[in-house]
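Here's a quick briefing to keep beside you while you turn the structure around on screen. Start with the overall picture, then work through the bullets by topic.

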Amino acid sequence: VSDRRQLSLPPREEELVGHLHDERVAARLGLALGIAFGICFLTGLISHVIQQPPWWFTWPTRPVNLYRVTQGVHVITGIASIPLLLAKLATVYPRLFTWPPVRSAPHALERLSVLVLVGAAFFELITGLLNIAHWYPWGFFFPTAHYAVAWIAVGAIVVHIAVKLPVIRRALGDRVDGDDDGHDSADGPSRRLFLAGVGAGVVAVVVATAGATVPWLRRVSVLAVRTGEGPQGVPVNKSAVAAGVVDTASDPGFRLEVAGPDAVISLSLDDLRTMPQTTADLPIACVEGWSASATWRGVRVRDLVQRVGGSPDQDVRFVSLQESGLYGQSLLPALHARDDLSLLALEINGEVLDLDHGYPCRLITASRPGVLQTKWVRRIEVVA
Amino acid sequence: VSSGRPSTGRVSAGRPGVGRTLLASVGVALMAFGAWRVVADNNPLQVAPWVLGPVLVHDLLIAPVVLGLVWLGHRVLPRYSQTPVLVALVVCGALTAVAASVLTRAGARPDNPSLLDRNYVAGYIVALALTMLVALICVIVNRRRTLSPRRAS
């Protein structure tokens, strides 16, 4: 008895793990993968527009953990997609050998779109995974390539859904373990158990990595890129050595320049310490998905802005001693610059900032990516 | 719509409707935007190998090997052990795919001990061992059930 629900088969395909190559399994994996990629894409887009805001975009200051959550979800859904994608490809693998390979122009286009879909999906997952482990075996710049190919992947998913919609509808409407041919349970692992196994794989990789951002998973996340430990109890993304600021940042003659419409002032570290100090519990949340909470203490940004005649409606630029790289400065939107919790921090967890945390002073704000929390600040400019 | 499959009658095999055409057009537009960003912000010659390379490695190497293993297990293993072994294979495969980037420690830097600060080899082995242990227990339980003369239900 031939199972009419089998996907198109190359020779003897039914013999080769018959029950896994089934449209009902493929459609369910596809649905899970589509949801994971969708969430991953939207959270990635959020991170992108926070870092390169278009004129219409504002990112709220509360809740303080907002970016920590969106970016944690971005990395977790990306990692969860790895077993989902591999399982999905396993279920549809026989279709690669469809004969004849190309039947018509639309069929050729459809196959091309699937190639683009699989290639772009692999690209996003592999580059994302290697980026969080700081491994760059390629020549391109990760953020721009990861961003560009994400649009291709999502577009290809939308095309794929449009092409497959009737099959998806039919397959999702049927029971996954329905036995229309009467003997499916006698022929190896059932489809439901295969899906459960993939679910177990998803849980395994998420638990093994999510501790980088979910504190209570730290002990069991054996594959997390970070334990959450570091100098003064907080991990570091770029060290003072890597940023090339060891000498300039530890110079006892350090002075902070603050420039505004009324004045340009120069403050020593002692000047900063004599200004009113504010304490704030804020997470440092990296674009790479890891995050850690800390207690920060320092001068409110808005107090510094006020001292040079700036208004609460003005954006503020922070320039680092770090001269190399793209992240040597950041622009703090006015909404954040006037926020109670936006600090030029001098202390972390009750101690003077470690050199690797941005000594002598660093920016820390609510709900923004770590790359914008400029360290080793040497100049603050109120932007007109 | 799908190749080689006899129509069930419930699925219209004919022309896609307006909705699907519209959806496909949206998808093509998104892809075009992405392609434009690839060309505008990146060197496409550097990006392309990382799009096509993984597909080739998967389709020509990983998939045949893994599906071959599944097929072999299907043929060789007693039925009561097939499901636990398949699930263990899926979980171990998933863990391996994710572990590859940290096991190599390629991104480690002497100036930043807070990065890649675990014993990943030990963690990976423990995770695989746990998975296999659970699978083994399932196999033993399944075997008892299968061989027991008083089968439940």
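Accessible areas here come from the Shrake-Rupley method with a 1.4 Å probe. On that basis, chain B has an accessible surface of about 9,200 Å², and 70% of it belongs to carbon and sulfur atoms. Keep in mind that this is a predicted model.

**The two chains in outline**

- Chain A comes to 10 helices and 10 strands, whereas chain B has four helices and zero strands.
- Following chain B along its sequence, you get the pattern α-α-α-α.
- The C-alpha atoms of chain A fit a box of roughly 85 × 45 × 35 Å along the principal axes.
- Of the 384 residues in chain A, 58% count as buried; for the 153 residues of chain B, the buried share is 34%.
- Chain A shows about 15,600 Å² of accessible surface, with 61% belonging to carbon and sulfur atoms.
- Take the contacts in chain A between residues at least 6 apart in sequence: 68% of them join residues at least 24 apart. In chain B, residues 24 or more positions apart account for 47% of the contacts with a separation of 6 or more.

**Helix α2 of chain B**

- This helix covers residues 44–76, so to speak 33 residues in a row, and reaches 46 Å from first C-alpha to last, close to the 48 Å expected at 1.5 Å a residue.- At the N-terminal end, Asn43(B) acts as the cap: one of its side-chain oxygens lies 3.0 Å from the backbone nitrogen of Leu45(B).
- Further along, α2(B) bends by about 40 degrees at His58(B).
- His58(B) is also one of the buried residues of α2(B), a list including Val47(B), Val51(B), Pro54(B), Asp59(B), Leu67(B) and His74(B).
- What do the buried residues of α2(B) pack against? Their partners come from both chains: α2 (66–92), α3 (105–132) and α4 (142–173) of chain A, plus α1 (18–41) and α3 (79–103) of chain B.

**Helices α1 and α2 of chain A**

- Why does the length of α2(A) agree with expectation? Its 27 residues should span 39 Å at 1.5 Å a residue, and the end C-alpha atoms are 38 Å apart.
- There is still a kink in α2(A), of about 30 degrees, at Ile82(A), shortly before the proline Pro83(A).
- Because 20 of its 27 residues are buried, α2(A) is largely enclosed by the rest of the structure.
- Glu23(A) sits in helix α1 (residues 23–51) of chain A. Is Glu23(A) buried or exposed? The cut-off for buried is under 20% relative accessible area, so at 2% relative accessibility Glu23(A) counts as buried.
- Glu23(A) and Arg338(A) are 315 residues apart in sequence, and their C-alpha atoms are 55 Å apart in space.

**Nonpolar cores**

- In soluble globular proteins, nonpolar side chains tend to be buried together.
- Here the largest nonpolar core has 71 residues, and the ones with the most contacts inside it are Leu29(A), Phe194(A), Val47(B) and Leu95(B).
- The largest share of this core, 10 residues, comes from α3(A).
- Apart from this core lies another, of 30 residues, among them Val299(A), Leu304(A), Ala337(A) and Leu344(A).
- If you zoom in on Leu95(B) and leave aside its neighbours within four places in sequence, you find contacts with Ala204(A), Val205(A), Ala208(A) and Leu223(A) from chain A, and with Tyr124(B), Ala127(B), Leu128(B) and Thr131(B) from chain B.

**Backbone spots to check**

- Most residues other than glycine have a negative phi, and most peptide bonds are trans.
- Which peptide bond leads into Pro100(A) in the cis form? The bond from Trp99(A) to Pro100(A) does, with omega near -5 degrees; Pro100(A) lies in the loop between α2 and α3 of chain A.
- Tyr359(A) and Pro360(A) are also joined by a cis peptide bond, with omega about 10 degrees. Look for Pro360(A) in the loop between β8 (351–352) and β9 (362–364) of chain A.
- Asn349(A) has a positive phi, near 45 degrees, in a residue other than glycine. Asn349(A) is in the loop between β7 (343–348) and β8 of chain A, and at 35% relative accessibility it counts as partly exposed.
- Leu116(B) has a positive phi too, near 50 degrees. Leu116(B) belongs to the loop between α3 and α4 (120–147) of chain B and, at 1% relative accessibility, counts as buried.

Definitions and conventions: Residues are numbered from 1 along each chain as its sequence is written. Chains are lettered from A and ligands numbered from 1 in the order in which they are written. This is a predicted model: local features need pLDDT of at least 70, side-chain atom pairs count only at pLDDT 80 or more; totals for chains, interfaces and linings use all residues. Side-chain values use heavy atoms; hydrogens and water are left out. Helices (H or I, at least four residues) and strands (E, at least two) are DSSP runs, numbered from the N terminus. The expected span of a helix is 1.5 Å times one less than its number of residues. The bend at a residue is the angle between axes fitted to the seven residues ending there and the seven starting there. Buried means under 20% relative accessible area, exposed over 50%, partly exposed in between (1.4 Å probe, protein chains only). Contact means heavy atoms within 4.5 Å. A polar contact is a pair of N or O atoms within 3.5 Å; within protein, one must be able to donate a hydrogen and the other to accept it, and residues adjacent in sequence count only if both atoms are side-chain atoms. A nonpolar core is a set of buried Ala, Val, Leu, Ile, Met, Phe, Trp, Tyr and Cys residues joined through side-chain atoms within 4.5 Å.
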